[in-house]
Amino acid sequence: QLVESGGGLVQTGGSLRLSCGASARTFSSYNMAWFRQAPGKEREFVAAIMWRGGNTYYADFVKGRFGVSRDIAKNTVYLQMDSLAPEDTAVYYCAATRSFIVAVATNYEDWGQGTQVTVSS
């Protein structure tokens with residue numbers, strides 16, 4: 001079970017940090033990712049962190065603004081989002097997969113309930 005938190009309303013240029021809590025079993029053997037879905041749009045990949053080694057991957061549109069990290073002791077993955085813009089408004093989902101193809105949503109076995117991020121102009 002994945003549980004996200006940290007969404008909310010922020011002004012353009014602001015920051016938010018999302019958190020995703022997972023079971024120890026999931027956290028220790030699954031690659032973790034963040035996806036987002038805006039109204040009327042497809043769910044899209046945002047960032048991922050690999051369970052072995054902690055390598056990170058990002059969608060081109062967030063590089064330099066977002067950072068994905070993890071706290072192994074807390075079984076938690078974070079998404080730090082800076083320089084937010086209105087086009088970042090979406091529901092953000094945490095997900096877990098055993099696949100190494102981390103940018104494809106259909107590869108994910110577990111999903112959180114999502115947390116709303118709204119960026120006002």
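Two strands pair if DSSP finds at least two bridges between them, where strands (E, at least two residues) and helices (H or I, at least four) are DSSP runs numbered from the N terminus. The structure is a predicted model, in which local features need pLDDT of at least 70 and side-chain atom pairs count only at pLDDT 80 or more, while totals for chains, interfaces and linings use all residues. Residues are numbered from 1 along each chain as its sequence is written, and side-chain values use heavy atoms, with hydrogens and water left out.

**Exercise 1. Find how β7 and β8 pair, and place them in their sheet.**

Solution. Begin with the pair itself: β7 and β8 are joined by six bridges in the antiparallel sense. Next, pick out one bridge, in which Arg70 has Val77 in β8 as its partner. Then widen the view to the open sheet of four strands, whose order is β1-β3-β8-β7 with antiparallel pairing. In this sheet β1 (3-5) and β7 are the edge strands, each pairing on one side only. From one strand to the next, the twist averages 20° (axes are lines fitted to C-alpha atoms, and angles run from 0 to 180 degrees between N-to-C directions).

**Exercise 2. Locate Gly54 and list its contacts beyond four places in sequence.**

Solution. Gly54 lies in the loop between β5 and β6 (56-58). With neighbours within four places in sequence set aside, Gly54 is in contact (heavy atoms within 4.5 Å) with Ile49 and Arg70. Finally, compare a position elsewhere in the chain: Ala33 is 21 residues from Gly54 along the chain, and their C-alpha atoms are separated by 12 Å.

**Exercise 3. Decide whether Glu42 and Ser29 are buried or exposed.**

Solution. The cut-offs come first: buried means under 20% relative accessible area, exposed over 50%, and partly exposed in between (1.4 Å probe, protein chains only). Glu42, found in the loop between β4 and β5, counts as exposed because its relative accessibility is 68%. Outside its neighbours within four places in sequence, Glu42 is in contact with Arg36 and Gln37.

Ser29 belongs to helix α1 (residues 24-29), and it counts as buried because its relative accessibility is 18%. The side chain of Ser29 also reaches the backbone oxygen of Arg25 at 3.0 Å. Once neighbours within four places in sequence are left aside, Ser29 is in contact with Trp51 and Arg98.

Methods
A polar contact is a pair of N or O atoms within 3.5 Å; within protein, one must be able to donate a hydrogen and the other to accept it, and residues adjacent in sequence count only if both atoms are side-chain atoms.
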